[in-house]
Amino acid sequence: MFCGLPGPARLTMVEIRYVVHRPQVWLSIAAESPYGSDMEKRTGIFAGDDPFVIARSWLQAADVEANDPNAVALATVDGEGLPNVRMVLLKEIEEDAFVFYTNYQSKKAQELDASGKAAFVMHWKSLRRQIRVRGEIIREDGPLADAYFLSRSLKSRLGAWASKQSTPLSSRAHLMAKVAKITAQKGLNPARPPFWGGYRLVPTEIEFWSDGANRLHDRFLWQRNSSESAWCIQRLNP
Ligand SMILES: Cc1cc2nc3c(=O)[nH]c(=O)nc-3n(C[C@H](O)[C@H](O)[C@H](O)COP(=O)(O)O)c2cc1C
């Protein structure tokens with residue numbers, strides 16, 4: 001993966017001499033060159049060597065949003081490669097992944113399970129910032145999903161049992177009747193339905209974007225080949 005400074009195949013003989021014998025001179029040339037990296041300028045809101053820490057701090061700053069600062073537009077593709085996008089709430093930024101919850105029989109879940117991949121974007125109007133994420137998808141249907149389900153309000157838990165998400169519904173009255181029936185059946189402490197749980201998006205790409213004057217925005221793309229690999233960071237043109 002090409003990252004920041006050019007690889008040896010792109011260097012001229014003169015440049016190779018500098019890289020080998022006078023690395024300091026090479027670094028200053030590289031900083032001026034079109035390939036050059038100005039990572040020293042990755043300061044302020046972009047600073048740090050862990051993109052999950054940066055994402056957490058941006059999300060925290062987004063608390064100023066009136067509603068749902070943790071809302072993300074989640075993109076999937078269907079079997080024909082036709083994209084699909086909808087909002088979900090990001091519930092956790094872990095050490096190495098982003099977690100959200102949904103119905104496992106929903107359209108999105110079918111597409112997530114089939115492709116094993118997803119992307120999302122979060123945008124905060126007040127902060128004028130966005131984060132884009134792409135990567136692999138893994139189900140989270142263990143104790144963490146149980147604990148998150150239990151943390152939801154009783155009505156939300158019963159609603160999750162009652163809704164056959166993404167399938168046709170004859171009327172709202174039908175849904176409410178189903179909620180009443182489930183309430184009678186499950187009582188006051190319904191366990192997590194087997195058809196409902198989490199997904200963990202383990203990214204191979206995370207891009208941090210912040211609005212700049214005259215549309216000269218700042219963008220930093222973090223990429224890695226797999227969750228085992230080191231991150232490579234590049235500044236991108238706006
Ligand atoms: C702000 C917002 C947050 C939402 N959060 C979730 C969520 O966390 N999980 C979920 O399944 N649906 C959530 N939804 C509903 C989804 O956008 C979508 O309508 C639903 O999941 C069905 O999508 P699908 O048919 O593509 O599976 C949310 C909608 C909005 C507007």
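Biologist: Which strands do the buried residues of α4 pack against?

Modeller: In this model, which is predicted, the buried residues of α4 pack against β1, β2, β3, β4 (117–124), β5 (129–140) and β6.

Biologist: Which residues of α4 are buried, and where do they lie when seen down the axis of the helix?

Modeller: K108, A109, E111 and L112 are the buried residues in α4. Seen down the helix axis, these buried residues fall within an arc of 165°, so they line one face of α4. The general idea is that an α-helix has 3.6 residues a turn, so residues three or four places apart point the same way. Directly after α4 comes G116, which has a positive phi, near 70°.

Biologist: How many of the 15 residues of α7 are buried?

Modeller: The number buried is zero, so α7 lies largely in the open. The length of a helix can also be set against its expected rise: at 1.5 Å a residue, the 15 residues of α7 (residues 172–186) should span 21 Å, and the end C-alpha atoms are 21 Å apart, which agrees. The residue that follows α7 is G187, with a positive phi near 75°.

Biologist: Which residues other than glycine have a positive phi, and where are they found?

Modeller: Two cases can be taken in turn. S166 has a phi near 75° and is not a glycine; it is found in the loop between α6 (154–162) and α7. N214, likewise a residue other than glycine, has a phi near 55°, and it is found in the loop between β6 (196–210) and β7 (218–223).

Biologist: Are S166 and N214 buried or exposed?

Modeller: This is read by counting C-beta atoms within 10 Å, where 12 or fewer means exposed and 20 or more means buried. S166 has 15 other C-beta atoms within 10 Å, so S166 is partly exposed, whereas N214, with 6 C-beta neighbours inside 10 Å, counts as exposed.

Biologist: Which residues are closest to the ligand, and how many surround it?

Modeller: The ligand is surrounded by 16 residues, of which the closest are T102, S106, K107, K108 and S166. S166 is thus the residue with the positive phi near 75°, and K108 is one of the buried residues in α4.

Biologist: Which elements supply the shell around the ligand, and what is its chemical character?

Modeller: At least two residues of the shell come from each of β2 (83–93), β3 (98–103) and α4 (107–115), and the largest share, five residues, belongs to β2. By character, the shell divides into six nonpolar, six polar and four charged residues.

Biologist: In which sense does β2 pair with β1 and with β3?

Modeller: Strand β1 (residues 71–77) pairs with β2 in the antiparallel sense over seven bridges, with V72 standing opposite V88 in β2. β2 and β3 also run antiparallel, joined by three bridges, and here E92 stands opposite V99 in β3.

Biologist: How many residues lie in the connections between these strands?

Modeller: β1 and β2 form a hairpin with five residues between them, and G81 in that turn has a positive phi of about 85°. The hairpin that joins β2 to β3 passes through four residues.

Biologist: What can be said of the protein chain as a whole?

Modeller: The protein chain has seven helices and eight strands, and 18% of its 238 residues count as buried. Among its contacts with a separation of 6 or more, 59% are between residues 24 or more positions apart.

Notes:
Residues numbered from 1 in each chain as written. Predicted model: local features only at pLDDT ≥ 70, side-chain atom pairs only at ≥ 80, totals over all residues. Near = placed C-beta within 6 Å. Nonpolar A, V, L, I, M, F, W, Y, C, P; charged D, E, K, R; others polar. Pairing = 2+ DSSP bridges. Expected span 1.5 Å × (residues − 1). Arc of directions from axis to C-beta. Contact = placed C-beta atoms within 7 Å.
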